[in-house]
Amino acid sequence: MTSYRRNLLPGGSFFFTVNLANRKLSLLIDHLNLLRAAFHQTRQRHPFTIDAIVVLPDHLHTIWALPENDADFSTRWRLVKSGFSRNLPDTEKISPSRAARSERGIWQRRYWEHTIRDEADFARHTDYIHINPVKHGLVRRVRDWMPSSFHRYVKQGIYPVDWAGNLSQDNGAFGERC
């Protein structure tokens, strides 16, 4: 069995990718209100800041900043995932190993986590988050994807509304900073 080691940095900033177990489903977009509620309830009990986020049909990317002296993002993810799953109809196929642990079959068990090292690393990951709907062919312009913190960044003057342009004009550069 693989031994996963997480970088538990109190007060740190972390980039995450979290996937549905069945990547062919669109549960996150279809039930966006339930996902928002799960985040809200988790943040009430275990505060953290969402610096950037994009929700796609089958996965999401986000950057969180944890409170000083707190490195427990695992509990937060468990609460977000279970809060979302608890409110969905119980229709998914469940493997014997999941059934033995009384788990739903909604989410992949693990998630990708990366500790943000500095401002340049933060900027690269924020760009990656915001360009992701274009990268996956869901929209041609970043501004056309609504479940994204991109719109907040535009309001704050961090990005121009036409950031990354139009995919057909950019030749696949995806607007990421060099």
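A polar contact is a pair of N or O atoms within 3.5 Å; within protein, one must be able to donate a hydrogen and the other to accept it, and residues adjacent in sequence count only if both atoms are side-chain atoms. One such contact, of 3.4 Å, joins the side chains of Y128 and K135. This is a predicted model, in which local features need pLDDT of at least 70, side-chain atom pairs count only at pLDDT 80 or more, and totals for chains, interfaces and linings use all residues. Residues are numbered from 1 along each chain as its sequence is written, and side-chain values use heavy atoms, with hydrogens and water left out.

Y128 sits in helix 5 (residues 119-135). Helices (H or I, at least four residues) and strands (E, at least two) are DSSP runs, numbered from the N terminus. Y128 counts as partly exposed because its relative accessibility is 24%; buried means under 20% relative accessible area, exposed over 50%, and partly exposed in between (1.4 Å probe, protein chains only). In sequence, Y128 and H61 are 67 residues apart. In space, their C-alpha atoms are 8.8 Å apart.

H61 leads to strand 3. Seven of the seven residues of this strand (residues 59-65) are buried, so strand 3 is largely enclosed by the rest of the structure. In a regular strand, side chains alternate between the two faces of the sheet. Here both faces are covered. H59, H61, I63 and A65 are buried on one side, and L60, T62 and W64 on the other.

Strand 3 has partners. Two strands pair if DSSP finds at least two bridges between them. Strand 1 (residues 13-19) runs antiparallel to strand 3, joined by seven bridges. N19 stands opposite H59 there. Strand 2 is also antiparallel to strand 3, with six bridges. The two form a hairpin with three residues between them. V55 stands opposite L60 in strand 3.

V55 also leads to a pocket. On a 1 Å grid over the protein atoms alone, a pocket is an open set of points where a 1.4 Å probe fits, with protein on both sides within 12 Å along at least five of seven lines; lining residues have an atom within 4 Å of a point. The second largest pocket holds about 370 Å³ of space. Of its 14 lining residues, R36, I50, I53, V55 and S148 are the closest to its centre. Helix 2 (32-45) and strand 2 (49-55) each supply at least two lining residues. Helix 2 gives the most, with six.

How values were computed: Points joined across faces, edges and corners; volume = space filled by probe spheres on them.
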